[in-house]
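Here's a quick walk through a small protein model with its ligands. Have the structure open beside you and follow along.

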Amino acid sequence: MGKVVINSARCKGCGLCIEVCPKNVLVPSSKNNHLGIYVVEVKNKEECIGCSRCAIICPDAAIEVYR
Ligand code: SF4
Ligand code: SF4
């Protein structure tokens, strides 16, 4: 079991993290950040296995994963 934390201020909404997550934890949100970008949010947080795929692929280091 893992815990994923999104830094919304750094997210540019590219969606790469959504694509690589094997557990569909991350989803696009209707919330935008200070740049007006629709950021990713954690939907199924209890499903996170802490694999860190999302954090590794994120080009903007906007994701931290804890295990
Ligand atoms: S990969 Fe990073 S920048 Fe891209 S949507 Fe996910 S958190 Fe945002
Ligand atoms: S750590 Fe793995 S399971 Fe958890 S949100 Fe990231 S890609 Fe999905």
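## Contacts and overall fold

If you take the contacts between residues at least 6 apart in sequence, 58% of them join residues at least 24 apart. Keep in mind that this is a predicted model.

The protein has two helices and four strands, and reading along the sequence gives the pattern β-α-β-β-α-β. Its radius of gyration is 11 Å, close to the 11 Å that the globule rule gives for 67 residues, so the protein is as compact as a globular protein of that length. If you want a box for the C-alpha atoms, roughly 30 × 20 × 20 Å along the principal axes will do. Buried residues make up 21% of the 67 residues.

## How the strands pair

Start with β1 (3-6). Four bridges join β1 to strand β4 (residues 63-66), and the two run antiparallel. To find the register, look at V5, whose bridge partner in β4 is E64. The side chains along β1 alternate: V4 and I6 point to one face and are buried, while K3 and V5 point to the other and are not.

The other pair is β2 (residues 26-32) with β3 (residues 38-42), again antiparallel and joined by four bridges. Here N32 has Y38 as its bridge partner in β3. These two strands form a hairpin with five residues between them, and G36 in the turn has a positive phi of about 80°.

## The nonpolar core

Which residues of the largest nonpolar core touch the most other members? That core has 14 residues, and the best-connected ones are I6, C17, L26, V40, C54 and I63. Strands β1 and β3 each supply at least two residues of this core. As a general point, nonpolar side chains tend to be buried together in soluble globular proteins.

C17 is a good place to zoom in. This cysteine lies in helix α1 and counts as buried because 22 other C-beta atoms lie within 10 Å, with 20 or more needed for that label. Setting aside neighbours within four places in sequence, C17 is in contact with L26, V40, C54, I57, C58 and I63. One of those partners, C58, is 41 residues away in sequence, yet the C-alpha atoms of C17 and C58 are 6.2 Å apart.

Now hop over to I63. With neighbours up to four places away left out again, I63 contacts V4, I6, C17, C54, A55 and C58.

## Around the two ligands

What sits nearest to each ligand? Here are both shells in one view.

| Ligand | Residues around it | Closest residues | Classes in the shell |
|---|---|---|---|
| Ligand 1 | 14 residues | C11, C14, C17, C58 and A62 | ten nonpolar, two polar, two charged |
| Ligand 2 | 15 residues | C21, V25, C48, C51 and C54 | ten nonpolar, three polar, two charged |

Two names from the core turn up here: C17 is among the residues that come nearest to ligand 1, and C54 is among the closest to ligand 2.

## A loop residue with distant partners

R10 sits in the loop between β1 and α1 (16-20). Is R10 buried, exposed or in between? R10 is partly exposed, with 15 other C-beta atoms within 10 Å. Not counting residues up to four places away in sequence, R10 touches D60, A61 and A62. Along the chain, R10 and A61 are 51 residues apart, but their C-alpha atoms are separated by 7.3 Å.

## Two backbone angles to check

Most residues other than glycine have a negative phi. Which way does phi go at N24? N24 is not a glycine, and its phi is positive, about 55°. N24 lies in the loop between α1 and β2 and counts as exposed, because 10 C-beta neighbours fall inside 10 Å and 12 or fewer is the cut-off.

S52 also has a positive phi without being glycine, near 70°. You'll find S52 in the loop between β3 and α2 (53-57). With 15 C-beta neighbours inside 10 Å, S52 counts as partly exposed.

Methods:
Residues are numbered from 1 along each chain as its sequence is written. Chains are lettered from A and ligands numbered from 1 in the order in which they are written. A residue is near a molecule or strand if its C-beta atom, placed from the backbone, lies within 6 Å of it. Ala, Val, Leu, Ile, Met, Phe, Trp, Tyr, Cys and Pro count as nonpolar, Asp, Glu, Lys and Arg as charged, and the others, Gly among them, as polar. Two strands pair if DSSP finds at least two bridges between them. The radius of gyration is taken over C-alpha atoms; the globule rule is 2.2 Å times the number of residues to the power 0.38. Two residues are in contact if their C-beta atoms, placed from the backbone, lie within 7 Å. A nonpolar core is a set of buried Ala, Val, Leu, Ile, Met, Phe, Trp, Tyr and Cys residues joined through C-beta atoms within 7 Å.
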